[in-house]
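Trainee: I am new to this structure. Can we go through it step by step?

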Amino acid sequence: MKKETVPLFVFIFLFFFLCSCNNRENVFSDKNIKEGYDLSKKYCASCHLFPEPSLLDKKTWENHVLPKMAPYLGFEFFANAYIAGDTGIGLKMEQWNNIYRYYVSQAPEDPLERKEKIGEIAKKSPLFEEISLKENIKEPATTMVLIDSINKRIFFGDGMLGELFAYSHDLVKQYAINAGIGISNVKIKDTSLWILSMGIMHPSDEKAGKLIVANRTDSSLQLMDSLQRPVHAFYTDLNNDQLEDIVMSEFGDRSGAFSWFEKKGKDTYLKHVLRALPGSIKSVVHDFDHDDKPDIIALMAQGDEGVFIYYNQGGGSFREERVLRFSPSNGSNYFELADFNEDGFLDIITSNGDNGDYPPILKPYHGIRIFLNDGRNQFEEKLFLPVNGIGKVIVRDFDQDGDLDLASIAYFADFKNNPSEAFIYWENKGNFKFQPSTIMNVSEGRWIAMDAGDYDGDNDLDIILGNADFRLGDVPPELKKKWDDYSPSILILKNKLH
């Protein structure tokens, strides 16, 4: 980036301005703060939902978020001073300073306060029995788990080893496949496994991801490469040509894409970009407008967070419509569709708790949300269940009583004060009331992946949890030591109904 020459006195002024922590509000004039507000409304809200200062504490804004956002507005951060660059935005140094002043002066000094309470989490759910593998990988990094209900098997991928492991229902190892670093998604098709891997574990724009088709003999076909940190794939025929297409979420980092790959022939695909931005996490295909053409719904994060429906217009064309929008600090990470109020229309259930971008703080808006469909694909929040640092929520009728329960994992749980948040089974008690309970060995691992299915063929739904400790966040020393001493790759929660 081209740099402008800045006089020495400006560096000195900025150094003291940025580093001073005492009585900073006294040097901020109302005019500067007002201009900072107006500018943030103009520039920050041009890329994503306007971030209110109250979303984060002052320290987080000052030390992490504002320095991280500065380059997007034409400034780099060097030695406690911002250097203006030629980006075409036209923002001046003093204007950036006023944006900075606005957020730092208006953000709360103290940690964010949670108004909604999770309530008491029962220490042991009577529904599940906990089973660990006898074999174990030292320092496991389980990035994906899958239950194959048809063949009564389980799969898990170790992202650091790049190995996909298959186990029978009686937990005997069947085979392992070399699938690539950062295994993120697996689809079972007949005797083949379609395995997606990111190619790199940390946030990156490197195009190292790939999609392979493999079988148990470890022979594989590389179907796609040069994917930008792909995290999810959905397989279906989108254009009614009797060929199976692929909806691909390339999360990336600063860049990425949400696309569909049109199958043109044997092992040949044509890429159609639907949204040329990073942060695509997951997609589902469903005919939302009942025109007999499959539409796509997708969750996006990484700044401009929200849920989008891509209405199929025919001929391979799609129309994008945003149906939910979230703040850039929301931490969206998963969603499912389910008809919670039994009105015949699919509702949206989301989890938001990603806390890995900077030193994490507890955020009172992290948790599970149920958005009800009004029948016209307009969604309104019906329920919020607070969970610190939640990573995923699954919607199923686990107790087979005719209503939908929830299961959640939290990678950034409040491990110091409420470690039970790491896994919660939410039993549906009716009228959108849920009773939370956890498991005895909830702290045996740090759960980052989860799936549900009937792994043992007894006609009830079990759960598999995947464990990976990447040393992120605030974890008590005794818990770190426990994970260092022993930490299983997976934990199976066997449903005891049958």
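Trainee: Which residues form a nonpolar patch on the surface, and what accessible area do they have together?
Mentor: Keep in mind that this model is predicted. The patch is made of Met160, Ile448, Phe470 and Leu472. Together their accessible area is about 320 Å².

Trainee: Where is Met160 placed?
Mentor: Look between two strands, strand 5 (153-158) and strand 6 (163-168). Met160 sits in the loop between strand 5 and strand 6.

Trainee: How many disulfides does the count come to?
Mentor: A disulfide needs two cysteine sulfur atoms within 2.5 Å. By this rule the count is 0.

Trainee: Why is Cys47 in no bond with Cys44?
Mentor: Cys44 has the closest cysteine sulfur to that of Cys47. The two sulfurs are too far apart for a bond, because the distance is 8.1 Å.

Trainee: Is Cys44 buried or exposed? And Cys47, buried or exposed?
Mentor: Buried means under 20% relative accessible area, and exposed means over 50%. Cys44 has 13%, so Cys44 is buried. Cys47 has 52%, so Cys47 is exposed.

Trainee: Where is Glu250, and is Glu250 buried or exposed?
Mentor: Glu250 lies in strand 13, residues 245-250. Its relative accessibility is 2%. That is under the 20% cut-off, so Glu250 counts as buried.

Trainee: Which backbone nitrogen does the side chain of Glu250 reach?
Mentor: Leave out residues up to four places away in sequence, and Glu250 touches several others, among them Ser226, Leu227, Gln228 and Lys271. One of these offers its backbone nitrogen at 2.6 Å from the Glu250 side chain: Gln228.

Notes. Residues are numbered from 1 along each chain as its sequence is written. This is a predicted model: local features need pLDDT of at least 70, side-chain atom pairs count only at pLDDT 80 or more; totals for chains, interfaces and linings use all residues. Side-chain values use heavy atoms; hydrogens and water are left out. Patches are made of residues with over 30% relative accessible area and no salt bridge: like charges are joined within 9 Å, nonpolar side chains (Val, Leu, Ile, Met, Phe, Trp, Tyr) within 5 Å. Accessible areas come from the Shrake-Rupley method with a 1.4 Å probe; for residues, only the protein chains shown count as cover. A salt bridge is a side-chain nitrogen of Lys or Arg within 4 Å of a carboxyl oxygen of Asp or Glu. Helices (H or I, at least four residues) and strands (E, at least two) are DSSP runs, numbered from the N terminus. Buried means under 20% relative accessible area, exposed over 50%, partly exposed in between (1.4 Å probe, protein chains only). A polar contact is a pair of N or O atoms within 3.5 Å; within protein, one must be able to donate a hydrogen and the other to accept it, and residues adjacent in sequence count only if both atoms are side-chain atoms. Contact means heavy atoms within 4.5 Å.
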